[in-house]
Amino acid sequence: MSSFLSLKKSLSLILVSSLCLISLSTQAERKNRQSKKEHSYFKIRNNDTRAQAIFDSKSKVLGKVEAPNNDLTLWYRQPASQWVEALPVGNGRLGAMVYGGINKEWLQLNEDTIWSGEPVDRDKPNVRAGVDEARKLLFEEKYVEAQKVVEDKVLGTSLGRGTHNYQMMADLELTFPNRKEVNNYRRDLDLNTAITRVQYEFEGATYTREVFSSAVDQAIYVRFTCSEKGKINFSASLSRPQVSQVRLLENGSLVLKSQARTSRRKVIEQFPSADRGVSFETHVRVLHQGGQLIQSEDSIRIENADVATLILTAASDYYGDTALASTCQSQLDKVIKKGFNQARVEHVQDYQKLFKRVDLNLGASSVANKPTDERLINLIKGQYDPQLFEQYFQYGRYLLISSSRPGTLPANLQGIWTDGLRPAWNSDFHININFQMNYWHAETTNLGECHEPAFYLLERLKERGAEVAQKNFGCRGWTAGHTTDAWFFASLIGKPQYGMWPVGGAWCSRHLWEHYTFNGDEEFLKEKAYPIMKSAALFCMDWLVENPKTGLLVSGPSTSPENKFKTSDGKTANLTMGPTMDHQIMRDLFQNVIESAKILDIDTDFRKEVEQVLKKLTPTQIAKDGRVMEWAQELEEVDAGHRHISHLYGLYPANEISTARTPELAAAARKTLDTRLASGGGHTGWSRAWIINFFARLNNGEKSHENLLALLTKSTLPNLFDNHPPFQIDGNFGGTAGIAEMLLQSHAGAIEFLPALPAVWKNGSVKGLRARGAFEVDVDWQNGNLHKAQIKSLKGNTCFIHSKSELRLSINGTELTPQKVSLGLYIFPTQTGDVISVDLK
């Protein structure tokens with residue numbers, strides 16, 4: 001009997017155990033399905049080689065920690081499982097993607113000058129003859145034949161992906177004691193301080209890590225603390241997916257030494273320059289209080305410390321530095337003497353001088369206390385979240401501050417955050433939309449200093465672009481094609497669809513003029529902007545030729561990036577004599593050069609010459625179907641939903657097309673947009689961002705908002721990075737620019753409040769936006785209408801305000817009677833420092 005009872009008891013235990021295992025397995029499968037379901041909301045095409053290691057080192061997370069007490073914090077209840085979930089930090093030069101792991105942590109590291117390759121000659125011989133031959137064929141409408149001539153005789157060598165490209169610097173890997181489960185885990189990125197943090201509880205103790213990249217110290221800091229003493233334990237190592245030297249110095253620094261180059265022999269055989277590139281060093285020092293530091297050949301281990309601080313510096317020979325080890329060590333010695341607490345304070349102060357200039361309030365969200373990834377998924381499901389738009393706007397500003405500072409290279413296709421050795425599109429500077437979009441919000445959102453690296457690129461590009469203009473085309477001035485890199489090549493390269501486009505430099509030159517109009521710095525205009533703009537104009541003037549049928553000047557051979565059209569015999573082609581975008585860019589440049597010369601009171605004869613060319617330039621035209629013509633003659637595009645909407649350059653970023661001044665063109669632009677969207681346009685992140693700005697210029701807040709919502713729900717990754725796919729940062733920057741454009745415009749010569757305010761943003765405020773004429777503007781609105789505004793005059797210029805409502809104005813508290821020259825236009829003089837208050841009558 002006892003044996004039977006014992007057997008029964010054993011069987012019961014086995015059954016209970018089996019049910020428990022089944023239950024645990026079911027729970028695990030449920031969680032796995034939930035994770036896969038969450039990832040299915042995002043089109044993730046960024047491969048992560050750490051994925052298996054991340055999975056193998058996972059720890060179970062228990063409890064649900066509360067949201068941080070800060071509306072501008074991205075936060076998550078689990079570590080990143082892949083690169084597009086990691087959180088970025090940067091100081092303009094040094095960047096890191098922080099995963100927030102528990103048992104293993106990765107900081108994927110970048111430094112903005114780590115490029116493979118070197119300057120090389122990409123041009124074909126006797127290009128000019130090929131251009132002349134192609135022009136003749138295009139005027140005869142022999143498009144396919146002309147395209148073959150251009151490909152064979154004009155366009156230079158495209159080196160291809162992974163030849164000359166931006167590369168990751170290294171991985172900093174941190175290994176901790178294995179913890180199977182932790183409580184109340186949270187990782188976050190505080191946009192107010194530019195500090196990312198990881199915190200969790202284990203066995204009653206609270207562990208915290210902070211990471212930031214200091215522009216003041218040119219160093220990345222990782223700070224380890226615990227609520228109980230003697231609990232900090234980890235090892236640190238450096239690695240790179242390419243041959244590198246890792247060693248430990250006598251002073252305790254861990255060093256990685258390497259070179260940016262390709263390891264692919266076939267590529268090197270075809271392009272020997274791919275085997276050369278920037279050499280660099282990365283140095284890590286770990287300081288600790290309590291416990292001990294143990295060194296090995298390739299890692300540093302901390303045992304039982306109370307507090308630890310890891311400091312990382314890096315240097316490259318890009319600018320000619322030949323003493324990389326000395327540079328890194330001197331940086332480390334300097335910051336170690338300073339101490340962590342002072343370094344943290346200085347970092348925050350330096351960052352906030354830029355970030356705190358602008359504040360946006362779009363109203364409260366009922367789900368603002370949810371993790372960022374959950375909020376994004378809820379938005380996709382239809383739960384509106386105005387504070388997520390605020391966060392997205394400020395995130396775009398954060399990313400520019402973190403990837404583009406005076407003295408650095410400009411933000412590339414991925415800002416400064418690139419994984420691996422062969423990034424998409426080489427992570428280069430695409431100057432047929434993407435590079436420009438990176439800086440659309442620089443001036444409007446009060447980050448003019450962050451625009452400066454773009455001007456450095458233009459100065460360097462002008463040097464090589466002048467050689468290309470003269471040697472290849474027999475033109476004065478300078479030119480550049482659709483893309484460039486850290487070696488500043490200006491040659492027109494690749495395939496006709498994208499490569500035969502000589503106005504990249506002319507478009508970039510607009511940014512110099514914009515910087516002047518927002519800041520009013522005549523020394524900048526005279527010494528830096530005007531010489532580059534004038535030289536770009538000289539090229540355009542020499543490049544233009546007369547169309548024998550119309551007598552007007554046209555640009556060509558050239559593409560309307562990167563679109564194609566149907567020929568009369570049923571074939572397809574890309575090149576014409578007279579893409580609308582070329583002419584809009586040139587018209588914009590010519591007008592800006594003329595105005596600059598007037599302001600500086602120079603070059604009278606040259607100004608008159610430009611004015612004559614401007615008169616003969618082919619105008620923007622409207623097709624029979626009511627859309628803006630993409631080419632100088634009516635041609636049927638192959639892809640009606642093409643991602644590029646190049647022929648609306650005159651609407652945005654330029655100001656040729658206006659609802660007030662050119663209503664017919666504005667209506668044609670609207671029809672162009674409607675057709676593009678109805679045919680599947682806006683399917684890439686940056687294209688959608690451009691559309692937001694187009695509709696803002698058309699004063700259509702509802703359509704701007706519709707596309708802003710689509711940008712977040714269709715083209716945004718869990719860490720709020722823009723998704724082309726794969727990740728490209730231009731959509732983040734273009735989206736931020738679009739929000740600013742919806743709330744304030746000044747391109748038409750006057751400040752206009754809330755020009756494209758959507759109904760869903762019923763009440764709100766924005767502070768610190770910039771307007772052309774050197775004004776800083778705050779705006780408050782209620783029930784969808786202007787409530788009050790404040791304008792600060794930074795240069796003492798005459799102020800122009802356009803408003804459909806009657807306004808009451810005062811300067812420094814004294815009521816003002818402005819000149820009113822037409823319906824809704826107010827004009828009045830100001831002095832530097834004046835504060836103008838604006839209210840509705």
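Student: In this predicted model, what makes β6 (residues 170-175) and β11 (residues 232-239) a strand pair?

Tutor: Two strands pair if DSSP finds at least two bridges between them. Strands β6 and β11 are joined by 5 bridges and run antiparallel, so the criterion of at least two is met. Within this pair, Asp-171 stands opposite Ser-239 in β11.

Student: Where do β6 and β11 stand in the order of the sheet?

Tutor: The order is β3-β4-β5-β6-β11-β16-β15, an open sheet of 7 strands with antiparallel pairing. On average, neighbouring strands of this sheet are turned by 20 degrees against each other, direction ignored.

Student: Why are β3 (87-90) and β15 (292-295) called edge strands?

Tutor: Strands β3 and β15 each pair on one side only. For β3, the pairing is with β4 (residues 94-98), through 4 antiparallel bridges; Leu-87 has Val-98 as its bridge partner in β4. The two strands form a hairpin with 3 residues between them, and Gly-92 in the turn has a positive phi of about 100 degrees.

Student: How do you know that both faces of β3 are covered?

Tutor: Leu-87 and Val-89 on one side, and Pro-88 and Gly-90 on the other, are all buried. Buried means under 20% relative accessible area, so residues of both faces fall below that cut-off.

Student: Why is α21 described as largely enclosed by the rest of the structure?

Tutor: Helix α21 is so described because 14 of its 14 residues are buried.

Student: How does the span of α21 (residues 730-743) compare with the expected one?

Tutor: From first C-alpha to last, α21 reaches 20 Å, close to the 20 Å expected at 1.5 Å a residue.

Note on methods. Residues are numbered from 1 along each chain as its sequence is written. This is a predicted model: local features need pLDDT of at least 70, side-chain atom pairs count only at pLDDT 80 or more; totals for chains, interfaces and linings use all residues. Side-chain values use heavy atoms; hydrogens and water are left out. The expected span of a helix is 1.5 Å times one less than its number of residues. Buried means under 20% relative accessible area, exposed over 50%, partly exposed in between (1.4 Å probe, protein chains only). Axes are lines fitted to C-alpha atoms, for helices over the stretch in contact, and angles run from 0 to 180 degrees between N-to-C directions.
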